[in-house]
Amino acid sequence: METGSSGPSFFPPLLRADSRRAYHKKEAEYLRSCLNRGNQEAGFHHLASRWAVKEATYKAFGNWRIDFREIRVDSQGRVPKLILEGAAAEKAEELKLAGKHVSISHDGDYAIAHVILEGPGS
């Protein structure tokens with residue numbers, strides 16, 4: 001059954017190894033757990049909000065290119081935490097970032113994220 005980008009046909013391609021070019025392995029694992037529980041809507045909202053974080057982080061870095069797979073959110077606590085890995089973490093260290101902040105929100109079919117990267121002396 002084909003129902004568009006938010007329906008059942010949207011999820012299976014995201015689980016293939018060759019199509020996870022933008023999502024961290026932990027994000028894919030969370031999606032699988034949502035699908036295994038039969039909660040596709042939660043999986044869709046999770047990926048949409050994570051995509052918004054990746055876009056906002058990419059733009060916050062400006063001229064420096066970073067790999068989307070190296071950007072993720074730790075939401076174990078009450079406040080989401082922006083996690084950078086690999087070359088993205090190295091670039092953040094090179095830039096001597098004083099802080100990384102992320103805010104995520106979604107309503108219905110829409111997700112938004114704001115990312116603030118604080119430079120040294122901020």
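This report describes a predicted model of one protein chain, beginning with its overall build and moving on to its strands, some single residues and its largest pocket.

**Overall build**

The protein chain contains four helices and four strands, and when it is read along the sequence these elements follow the pattern α-α-α-β-β-α-β-β. Of its 122 residues, 33% count as buried. The chain exposes about 7,800 Å², and carbon and sulfur atoms supply 49% of that area. If one takes the contacts with a separation of 6 or more, residues 24 or more positions apart account for 43% of them.

**The two hairpins**

Strand S1 (71-74) and strand S2 (residues 81-84) run antiparallel and are joined by four bridges. Together S1 and S2 form a hairpin, with six residues between the two strands. One of the pairs can be followed by name, since Ile-71 has Leu-84 in S2 as its bridge partner.

Strand S3 (residues 99-107) pairs with strand S4 (residues 110-118), again in the antiparallel sense, and here the pairing extends over nine bridges. Which residues of S4 face Lys-100 and His-101? Lys-100 stands opposite Leu-117, while the bridge partner of His-101 is Ile-116. S3 and S4 also form a hairpin, this one with two residues between the strands, and Gly-108 in the turn has a positive phi of about 60°.

**A positive phi outside glycine**

Most residues other than glycine have a negative phi. Lys-96, however, is a residue other than glycine whose phi is positive, with a value near 55°. Lys-96 is placed in the loop between helix H4 (86-94) and S3, and Lys-96 is exposed because its relative accessible area of 57% is over the 50% cut-off.

**Buried residues and their surroundings**

Several residues can be followed from their place in the sequence to their surroundings in space. For a residue to count as buried, its relative accessible area has to be under 20%, and the four residues in the table are each described as buried.

| Residue | Element | Relative accessible area | C-alpha to C-alpha distance |
|---|---|---|---|
| Gly-43 | helix H3 | 1% | 8.0 Å to Arg-32 |
| Leu-47 | helix H3 | 4% | 7.4 Å to Glu-27 |
| Lys-91 | helix H4 | 16% | 8.5 Å to Ile-66 |
| Val-115 | strand S4 | 14% | 5.6 Å to His-101 |

Gly-43 and Arg-32 are eleven residues apart in sequence, and Leu-47 and Glu-27 are 20 residues apart along the chain. Is Leu-47 buried or exposed, given its 4% relative accessibility? Leu-47 counts as buried, because 4% is under the 20% cut-off.

Lys-91 carries a charged side chain by the grouping used here, and its place is in helix H4. With a relative accessible area of 16%, Lys-91 is buried, because that value is under 20%. Lys-91 and Ile-66 are 25 residues apart in sequence, and, when residues up to four places away are not counted, Lys-91 touches Phe-61 and Trp-64.

Val-115 belongs to strand S4, and the residue His-101 stands 14 residues from Val-115 along the chain. What does Val-115 contact, leaving aside its neighbours within four places in sequence? Val-115 is in contact with Val-53, Ala-56, Thr-57, Ala-60, Leu-82, His-101 and Val-102. Among these partners, Leu-82 falls within the range of strand S2 (residues 81-84), and both His-101 and Val-102 fall within that of strand S3 (residues 99-107).

**The largest pocket**

Rolling a probe the size of a water molecule over the atoms shows where empty space is left. In this model, the largest pocket has a volume of about 240 Å³. The residues that line the largest pocket are Lys-26, Glu-27, Tyr-30, His-46, Arg-50, Arg-72, Val-73, Asp-74, Ser-75, Gln-76 and Ile-83. Helix H2 (25-36), helix H3 (40-60) and strand S1 (71-74) are the elements that give two or more residues to this lining. Divided by kind, the lining residues are three nonpolar, three polar and five charged. Glu-27, which is part of the lining, has already appeared above as the residue whose C-alpha atom is separated from that of Leu-47 by 7.4 Å.

Technical notes:
Residues are numbered from 1 along each chain as its sequence is written. This is a predicted model: local features need pLDDT of at least 70, side-chain atom pairs count only at pLDDT 80 or more; totals for chains, interfaces and linings use all residues. Side-chain values use heavy atoms; hydrogens and water are left out. On a 1 Å grid over the protein atoms alone, a cavity is a set of points where a 1.4 Å probe fits but cannot get out, and a pocket is an open set with protein on both sides within 12 Å along at least five of seven lines; lining residues have an atom within 4 Å of a point. Grid points are joined across faces, edges and corners, and a volume is the space filled by probe spheres set on the points. Buried means under 20% relative accessible area, exposed over 50%, partly exposed in between (1.4 Å probe, protein chains only). Contact means heavy atoms within 4.5 Å. Accessible areas come from the Shrake-Rupley method with a 1.4 Å probe; for residues, only the protein chains shown count as cover. Two strands pair if DSSP finds at least two bridges between them.
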